[in-house]
Amino acid sequence: IKQKKRHMGDTKHFCPVSLKEHFVLHPGLQEHAAKYKENIYYFSTSEYRDKFLKNPEEYVAHNEPIQAPPLRVCLLGTHGAGKTTCARRVAEKLGIFHIQFEEYLQELILPKTRKKVGPQFDEEDDNKIPILSEELEDFSQTKTETEKSKQEEVLTDEEEAIKANLMDSKELPPEVLDNIVLDWWKKEPFRSTGFILDGFPRTVDEAKYLSERGLCPDVAVYIQVEDSDILDRLFPPRLKKWKDKRQKKKEYKMKLKDLKAKMRV
């Protein structure tokens, strides 16, 4: 017996309500199917099916085909794999946003911290050469304490969580991620332009968070690089920093020695 051909709706096997309200292609399920004007529509939940049936004209195409959501990409990989370099090139070529996750976190707390936080930035602060003159020591100490008190603004609980994540890689709570990640899927200009998210998710819990919120990327790319390649890429600049730090300390000791000799005279 020849089976009657099914005529699928405008969104095919994707949920039209998810597409209309969240601009996300969410696969529908057969158990949540409904028929409208001889076409069959599939929905991700029974609630969305009921919502569609109450006002179907809101979710179907009229004068032109329904617009598909833009490309959303998650780019993953270990530190030094070249994620940011690749992400910038892809974003430029496709005309979508490039979001570097850790850099975005830095920008959220930078107005209060006044400087970037994290182990790598603490090392840079340690490299600063102190003031040599003993005559300016008391003044310098007073000025430093005053500046420190001005810079140490009180952080909110959310900002403290972000700082702890950058300093010690502590997990960001879901409520904090809600205030950051949801906007990239649901608010403009990201919603209609698309993005490549560089360095997120970083852990299993963060991947579960995306799944639980229904924030599914269209593509997830993991850059796998040999350890030797990462070492070749990261070691030279680290070695240069170490040499520069050593040279600065040497110059400082020489200047301090000359200053003490002048003070004795």
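A residue counts as buried here when its relative accessible area is under 20%. Phe52, at 0% relative accessibility, therefore falls in the buried class. Tyr36 makes the cut as well, because its relative accessible area is 18%. The model these values come from is a predicted one, and across its 265 residues, 28% count as buried.

Now for the overall picture. The protein has 12 helices and 6 strands. Take contacts between residues at least 6 apart in sequence, and 70% of them turn out to join residues at least 24 apart. The accessible surface comes to about 18,500 Å², with 52% of that belonging to carbon and sulfur atoms.

Next, the sheet. Four of the strands make up an open sheet with parallel pairing, running in the order β4-β5-β3-β6. β4 (97-100) and β6 (219-223) sit at the edges, each pairing on one side only. From one strand to the next, the twist averages 20 degrees. β4 and β5 (residues 195-198) run parallel and are joined by 4 bridges; His98, for instance, has Ile196 in β5 as its bridge partner. Packed on the sheet is helix α4 (residues 101-113), which touches β4 and β5 and points about 75 degrees away from the direction of β4.

Helix α4 also turns up in the largest nonpolar core, a set of 25 residues, as one of the elements giving two or more residues to it. Others on that list are α7 (157-168), α8 (174-178), α9 (182-186), β5 and α11 (204-212). Among the residues with the most contacts inside the core are Phe101, Ile162, Trp184 and Trp185. Setting aside neighbours within four places in sequence, Ile162 is in contact with Leu105, Leu108, Ile109, Leu172, Val176 and Ile180.

Then there are the aromatics, with 9 pairs in the structure. Tyr36 and Phe52 have ring centres 6.0 Å apart and planes at 90 degrees, so they count as edge-to-face. With Tyr36 in strand β1 (residues 29-36) and Phe52 in helix α2 (residues 46-54), the pair ties together parts 16 residues apart in sequence. Phe101 and Phe200 make a tilted pair, because their planes are at 35 degrees, with the ring centres 4.5 Å apart. This pair links distant parts of the chain, 99 residues apart: Phe101 is in helix α4, and Phe200 is in the loop between β5 and α11. Both Phe101 and Phe200 are buried. Back with the edge-to-face pair, Tyr36 and Phe52 belong to one aromatic cluster along with Tyr41, Phe43 and Tyr59.

Methods: Residues numbered from 1 in each chain as written. Predicted model: local features only at pLDDT ≥ 70, side-chain atom pairs only at ≥ 80, totals over all residues. Heavy atoms only, no water. Buried < 20%, exposed > 50% of the residue type's maximum accessible area, 1.4 Å probe, protein only. Contact = heavy atoms within 4.5 Å. Areas by Shrake-Rupley, 256 points an atom, 1.4 Å probe, with all protein chains shown as cover. Pairing = 2+ DSSP bridges. Axes fitted to C-alpha atoms, helices over the stretch in contact; angles between N-to-C directions. Core = buried A, V, L, I, M, F, W, Y, C linked by side-chain atoms within 4.5 Å. Phe/Tyr/Trp six-rings, centres within 6.5 Å; stacked < 30°, edge-to-face > 60°.
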